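Student: Could we go through this one together, slowly, since I have not looked at it before?

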Amino acid sequence: MENDVFSLQEMIRLLCQGTQIHVCIHDIAGALGAKELQLPSAFRVHATRFCDLAKSSTLGNSLCMRCKARANKAAILKKCLFSGYCPYGLYEIAKPVVMDGEVVCIIYLGNLMPDREEAVCRVQNTCCITGADAHALLKELDHAQTVWDLAACERIALALDSYIRLLLNRTDWPKQKKADPGCRRKAREVAEYITANFSQDLSLKQLADLYFVNEKYLGKVFQSEMGETMRQYLNRIRLTNAARLLRNSDLSVLNIAMDCGFQNIPYFNRMFMGRYQMTPLQYRRKYSNMSKESALAAEGSQNKA
């Protein structure tokens, strides 16, 4: 591509500059694999503080994942722009990106608040069910984007849709898709989602629903492409991040386990021992005083094991 063409990340920043709008692009078919379309995890998951708080409880996380799975399914079936409130009261616009009749990714514009009273009411009602921190969520509404003109936000979604299709056409997307089987792309997308959301309560069924694919098929494809089961991959990512926090932070072992998605401390200790042949506390004593380079080398050797 010519150097004067914006990357997708640059275009998102340009269109949303000066706002609190959060853009999340859910890749269905590996469309974001090309260099100009690659995005950091902040633009590929719901990464706002509000969403993190909403998903902080098991029920809250489950509710948010079910809501997203329904939205993805609606996008694939409708193939046109739609919008609505999330269970916690913020508003979101969804625009499927369609190439040759196939939805390749879905643009979500979120963190929108067209009606604060509606948002407050939904936060309070939903938190009574999920156990999420209503006070913290209500405070976080101050960082949502107040919206007076939803049509203007819809135009941002339509502009991103046009730009993504433009970039895909310039990368010869049909040829790229044909050369890279859909099952492999799907497995990599799920792996990237896990890497970005390892702290959440994830299951194969939830991920299958999220990517609109049969659960058993996804399990087979994932293991074939990644060389390990989804659960093994998830635990490896969690343990790698736990080891990093043990080396580089003063957080307690309990907090590190919880932050990395382990709700059962004995299970965390057992899994950690199995991977590193020492307890979390032993690991911290051994590596916390090492140089950064030595610690990274030690982690690298463990990952190869």
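Tutor: Let us begin with a definition: a charge sits over a ring if NZ of Lys or CZ of Arg is within 6 Å of the ring centre and within 35 degrees of the ring normal. Before using that, please note that this is a predicted model, in which local features need pLDDT of at least 70 and side-chain atom pairs count only at pLDDT 80 or more, while totals for chains, interfaces and linings use all residues. Residues are numbered from 1 along each chain as its sequence is written, and side-chain values use heavy atoms, with hydrogens and water left out.

Student: OK, so which ring does Lys68 lie over?

Tutor: Lys68 lies over the face of Tyr108, at 3.3 Å from the ring centre. Another case is Arg275, whose charged end sits over the ring of Tyr276, 5.6 Å from its centre.

Student: And how many salt bridges does the structure hold?

Tutor: The structure holds 12 salt bridges, where a salt bridge is a side-chain nitrogen of Lys or Arg within 4 Å of a carboxyl oxygen of Asp or Glu. Side chains of opposite charge can pair when their charged atoms come close. One of these bridges joins Asp161 to Lys95, with the closest N and O atoms 3.4 Å apart. That pair links distant parts of the chain, 66 residues apart, since Asp161 is in helix H6 (residues 150-170) and Lys95 in strand S3 (residues 91-99); helices (H or I, at least four residues) and strands (E, at least two) are DSSP runs, numbered from the N terminus.

Student: Is Asp161 buried or exposed?

Tutor: Asp161 is buried, at a relative accessible area of 5%, and Lys95 also counts as buried, at 9%. Here buried means under 20% relative accessible area, exposed over 50% and partly exposed in between, with a 1.4 Å probe and protein chains only.

Student: What about the bridge between Glu118 and Arg122, where do they lie?

Tutor: Both lie in helix H4 (residues 116-130), four residues apart, about one turn of the helix, and their side chains meet at 2.6 Å, N to O. Glu118 is partly exposed at 27%, and Arg122 is partly exposed at 29%. Elsewhere, Asp27, Arg44, Glu189 and Glu192 are linked in a network of salt bridges.

Student: Changing topic, which backbone oxygen does the side chain of His22 reach?

Tutor: The side chain of His22 reaches the backbone oxygen of Ala42 at 2.9 Å. His22 lies in strand S1 (residues 22-27) and is buried, with a relative accessible area of 13%.

Student: Now the aromatics, how many pairs are there?

Tutor: There are 10 aromatic pairs, and rings of Phe, Tyr and Trp (its six-membered ring) pair if their centres lie within 6.5 Å, with planes under 30 degrees apart counted as stacked, over 60 as edge-to-face and the rest as tilted. Tyr85 and Tyr91 have ring centres 5.1 Å apart and planes at 85 degrees, so that pair is edge-to-face. For Tyr283 and Tyr287 the centres are 4.5 Å apart and the planes are at 55 degrees, so this pair is tilted.

Student: Where do Tyr283 and Tyr287 lie?

Tutor: They both lie in helix H14 (residues 280-287), four residues apart, about one turn of the helix. Tyr283 is buried at 2%, and Tyr287 is buried at 9%. Both belong to one aromatic cluster, formed by Phe262, Tyr267, Phe268, Phe272, Tyr276, Tyr283 and Tyr287.

Note on methods
A polar contact is a pair of N or O atoms within 3.5 Å; within protein, one must be able to donate a hydrogen and the other to accept it, and residues adjacent in sequence count only if both atoms are side-chain atoms.
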